[in-house]
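The following note sets out several points for consideration alongside the coordinates. Each point takes up one topic and may be read on its own.

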Amino acid sequence: MSDVVEKTLTALPSLLSLDSHSGATKLSSTSKLGNLIRGITELTSKHEEEKLVQRELVSIKEQVSSPNTSMRQMKELMVRAIYCEMLGYETSFSYIHAIKLAQQGTALEKRVGYLAVSLFLNESHELLLLLVNTVLKDLQSTNLIEVCMALTVVGQMFPKDMIPAILPLVEEKLNHPKEIIRRKAVLALYKFYLIAPNQVQHIHNKFRKALCDKDPGVMAASLHIYLQMIQDNPEGYKDLTASFVTILKQVVGGKLPMDFNYHSVPAPWLQIQLLRILSFLGKNDQSSSEIIYEVLDESLRRAEINHNITYAILYECVKCIYTIHPKSELLEKAAKCIGNFVLSPKMNLKYLGLKALTYVVQQDPKLALQHQMTIIECLDHPDLIIKRETLELLFRITNAQNVTVIVEKMLEFLRVNKDDYTTIDLVGKVAELAEKYAPDNEWFIETMSTVFSVGGDVMQPDIPNSFLKLLSEGFDSVEEDRKLRLFAVDSYVSLLQGEPGKLPQRFLQVISWVLGEYSYLSEELEAATVLRLLAKLLDMKSTSSETKSWVLVAMTKLCEGGAGVSVAQEVCETYSSSLDTVLRQRAQELQHLSQDCELRARVLPRDAGLEPLEVDSSLSFLDGFVSEALAAGAAPYKPPHQRQEELAQSKALSLEPYGLSLPISMSSCSIADRQSPTLLSVSSGLSGDSPDLSHKGGSTTLKLDGVKRVWGREGYLSQREPVEESAHVEVPSPLRSPSQQGEAESSHSQTPATTPTPQPEQEKQQLASSLFVGLGSHSSVCLMGKSEPTTQRFRRKAKGPVSPSAASEQISNSLVSTPSTANDLLCNNLLDSSVTSELSVSSPEQTSQLSQGPAAANGTCDVELTDGDVKESSPSLVGGNSVVAADPAPHEDPDRPEGLCLNTHLPAELSGLCHSEITPLCSNQSLDLSACHVQKEDSLALVVFIYNSSDSDIQQILLELDSDELEVSCVCDSAVQGARSHSVAVCQYSLTVKRPSVHVEVVGMVSYQFPVGTPQSVQFSYKLPLTGFIRPLTVSTEEYGTMWLDFSHDTKQKLTLISDGQEPLADTLNVLKKKLQLHVVEIIGMEGIVACRLLRDQPCLMHCRLHAGTLSVWLRSPVPDLPDCLMYHCQRALQEH
Amino acid sequence: MRFMLLFSRQGKLRLQKWYTATAERDKKKMVRELMQIVLARKPKMCSFLEWRDLKIVYKRYASLYFCCAIEEQDNELITLEVIHRFVELLDKYFGSVCELDIIFNFEKAYFILDEFLMGGEIQDTSKKSVLKAIEQADLLQEEDESPRSVLEEMGLA
């Protein structure tokens, strides 16, 4: 760095008259900024500050827009503006001037200009486009400081769409003689990779060069990119494993210049980055992991100094060891490390130790057992963060035996917790545990009641939903169902008799539904009593109108008998004149149904929760009514926003008459919610301010995935759990009988076996024994969350022959009966395999590799290649003082096919059509994949070229494509079987759009096999814009008119007009026509109508109008999202023009 | 790293650097919320927090809190050292730094930060080379400034 700037400086004259830099510090404190800051600190009230800053802003605003302000003054003004913005005041007027300063100032003013820009704007801000030219200019500057500034701002933020404009210049900088420039260029490219990975795909080879840079700083910078790329696609970089290991070895061995040391630890940032990369490479890959073991061991050994930074490295090592293919020695060391962390008096280490335990405990439950006393202490820790992490850990080790204690602890925490985010998370976890492991009805209902009261209105809506579903679906035992429901009814009645005003709305909704459905089960409970309790809810001020409608529905189900009807009548009177239409409707229903018992029995049959309900979402039953109304001259229905827009545009050419508002959607589902509580609760999710709306909203299905329900149709867990228990029922809690504990705990000093202990200690131990029961014994493995698949298998086996009705007898028997041999075998097997491959339980691939032996793991050619690399570069590694990465030798095949010759491989039927550029997708040592797309009339053809660059023929090429947005079908005659050495195989696919999106992506995998060797595979992705699927739609103006009315999805936006010609509207539409293949139907004065379709039959219509120098565009289509996507492309097309 | 904040014990923001695009309104809300949480914590407590979907690492130096938001997979301990190295850099540059230095010369503090972290990632870990880069650019600035500033003061007066 030093000589960079030195050179720049020598180029400047008058270098001698420099002030010392402390002078600069003094100077600014007497400046205007200084005055401002002092002024603010002297003030006492927020109000005064506001006044002062506003005055300041007015003066800044005046000066920045004055033409007489010099750039030097501008710089000073910008600093003040930054300060005001930091105080939280609006300074958007200065943004444009910040850009101007960066553009026009000299190097020093530029620096402030760029700083202001990077603080004011973010990469999606439109003003940033104005900065592109400045950056371009500065990147080409001969002044290195200017180049540095430009690269810095690019690394901070840059508009995605403009990356191609500066990419070549940034790339060029990778070869710059100065390391600081190379380093910044690498980081700028990293930023590009993050925001637009496709843009930098072609320069992967240059990244490899950066990785081998002679300056360790540049090499370290390139690791950011590699970490990201390897995370996205570990398979593509396995050949670099040995290189990364070599680098890490050198770093750990202290081969770097002293400059890189941090508190006498060599380059810790670099070490941690490398460890993270290695853990991605070694994950689920035994052969790569084997390369890594040694250096991990060394890192662990070297990191001995008692300093925060070495703990950071140790922690990363531990994470890596538990991520890659397991090795027992390393696991032992890692476990010891975690132990040290957990036992450390330093809070930070204790926290991380707990966190590590949380991850590890699923693979190694014994580790939690070793530290049980510490965990117990942490459970009562004054720091909530530690407490919270401990609960997380306990959540992972919950089983049927300790569930009550753990849930109790979680609820305790919830009652004092204030943070919504944590509440939502924990409440979900408690609900999950309760469903999974509930020991009995009472406990379950009570726990869920606490969940509902504490979780209140912030919890996920699926918690009450799945609870109600569970109640209504019931289990196999009718008697058990009845008991559970009855208990729920009883406990809710007593809650309502207490202080219902304190209960959250969601809970009240649950209560009213349950009472409405099941209060008939209770013999001593009269319907009228329940009705009165419910009516009381209606009178409470705090009850929301949504809850009221739940209550009214519940009342409708209950109103029978004289007393009941009279309560109902009273309520009806109040609400049948309510301003809320939904409430009014419910009241009407209540009124009618309470008077007509027969009808009520038919509409709301008792206990009908299980029958599936068909919802006619198209409201077809209203068709008759609608057509009648239309025939009688009524206007077609339009959504409200559309009507407003039309009102605003009343002077424009009106294509349709005004709409009439009918509350059709309200009345349509009136009867529906008796059977589906979800219907209402979904709307409750929308009206409440649940933070998770984005992914919950809109769907009416119950979200039960991920929650393993034990209270399902097959019966309770409590009926099955004892069956499992039978395997370890003789092993009581580990604390009480140390002699029976596993080997791991016996060495643990904290296990007080026989020594008498003081009272509080004993309490803790009791807690420990209740918390850690079921861990560490044989069967515990099956109880752990991670091995759930096995748990299920286990269960099915145990339960298989038992009929549901006999299940209850099974409980009592199994407690005393000896475990079946089948269970024993299963347990043993599980334990055996967990010794060798604890980490790979979930991957069948891995286990097959295991059995084949290590050599067969990743193909032999791979291993050879990396070996060779290491040999090649090893001399220089020892000689130089700086790190030189083992040259990974980018595979530049001399005979790699050029785009031109791939053209000739295009299928004959496509050769006449225009095709996109052939872009390389990915390559490895044996295959090069490229692809292009061809626009056909009714579809888009994707052509994939597979070039075999190896010297042997490849057999059994299998290409699989998949996409979220597209329908992919193989053009049948193009299935590829094999590719001869150095030849090209071509696959052709036909793509149609399933779900429109601005860009659509196809991901694919090629698996192939050499005559000798194991199957291999390469993954790739291909992204293309939606425009490839757009075709012109030829319609007449009349047809357009009728279609327009039918389409329901629309979007509007103002677009920039191309106004360089005589006829801006026509010019603009022509550009759109040319670029997006739209069909211009007609241009009438200031308006134009345009039509297109998405492939075969998905039309999209566009209506545009000149308005105040812009083009207001209105897009409509029957396909959701299509208008939005098309709008985006229109905007792009016009911008690019 | 998602963002870095510096604020005083009184809850005054001293420096903010955002590495991912965030709307102005959200920024304000997040800053306010975080300050409240961090300022309420006691000295002996753990320096890490889980907040929304982020991990927060904070450390107090004299009257200033340094606070970083990192992602789930990032290393908390090394982030503490990032903060520490930044403090070391400030300390070396200003010569035993205090809050006032940062208040009055916040743009300098930003320059140092930009030379140390780029786009949220560590750019240069060597204290020497970061400070060299900054000081050279500063020299350039002063050399240019000093002759003119007198004239300007007069012109304005």
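1. In this predicted model, A:Phe244 touches A:Leu211, A:Leu223, A:Tyr226 and A:Ile230, and also A:Leu274, A:Ile277, A:Leu278 and A:Leu281, with residues up to four places away in sequence left out of the list. A:Phe244 is one of the residues with the most contacts inside the largest nonpolar core, together with A:Tyr492 and A:Met555. That core comprises 290 residues. A second core of 60 residues is separate from it, and includes A:Cys922, A:Ile957, A:Ala979 and A:Leu1111.

2. The interface of chain A and chain B deserves its own point. Here 89 residues of chain A are in contact with 77 residues of chain B. The two chains bury about 7,400 Å² between them, and carbon and sulfur atoms account for 57% of this area. On the side of chain A, the three residues A:Met86, A:Arg111 and A:Trp269 supply 11% of the area buried against chain B, more than any other three residues.

3. Polar and charged features of the interface may be taken together. Between chain A and chain B there are 6 salt bridges. In one salt bridge, B:Asp124 is paired with A:Arg183, and the closest N and O atoms lie 3.1 Å apart. The rule for polar contacts finds 24 residue pairs across this interface, with both residues at pLDDT 80 or more. By class, the residues of chain A that touch chain B divide into 45 nonpolar, 25 polar and 19 charged.

4. Chain B contains 5 helices and 7 strands. Their order along the sequence is β-β-α-β-β-β-α-α-α-β-β-α. Of the 157 residues in chain B, 64% are buried. Among its contacts between residues at least 6 apart in sequence, 48% join residues at least 24 apart.

5. How many of the residues of helix H4 of chain B are buried? The helix spans residues 106-116, and 11 of its 11 residues are buried. The buried residues of H4(B) include the aromatic side chains of B:Phe106, B:Tyr110, B:Phe111 and B:Phe116. B:Ala109, B:Ile112 and B:Leu113 are buried as well. The list of buried residues in H4(B) also includes B:Glu107, B:Lys108, B:Asp114 and B:Glu115. As a general point, an α-helix has 3.6 residues a turn, so residues three or four places apart point the same way.

Terms used: Residues numbered from 1 in each chain as written. Chains lettered and ligands numbered in written order. Predicted model: local features only at pLDDT ≥ 70, side-chain atom pairs only at ≥ 80, totals over all residues. Heavy atoms only, no water. Core = buried A, V, L, I, M, F, W, Y, C linked by side-chain atoms within 4.5 Å. Buried < 20%, exposed > 50% of the residue type's maximum accessible area, 1.4 Å probe, protein only. Contact = heavy atoms within 4.5 Å. Helix = DSSP H or I, 4+ residues; strand = E, 2+ residues; numbered from the N terminus. Buried area = accessible area lost by both parts, 1.4 Å probe. Salt bridge = Lys/Arg side-chain N within 4 Å of Asp/Glu carboxyl O. Polar contact = N/O pair within 3.5 Å; in protein donor to acceptor, adjacent residues only side chain to side chain. Nonpolar A, V, L, I, M, F, W, Y, C, P; charged D, E, K, R; others polar.
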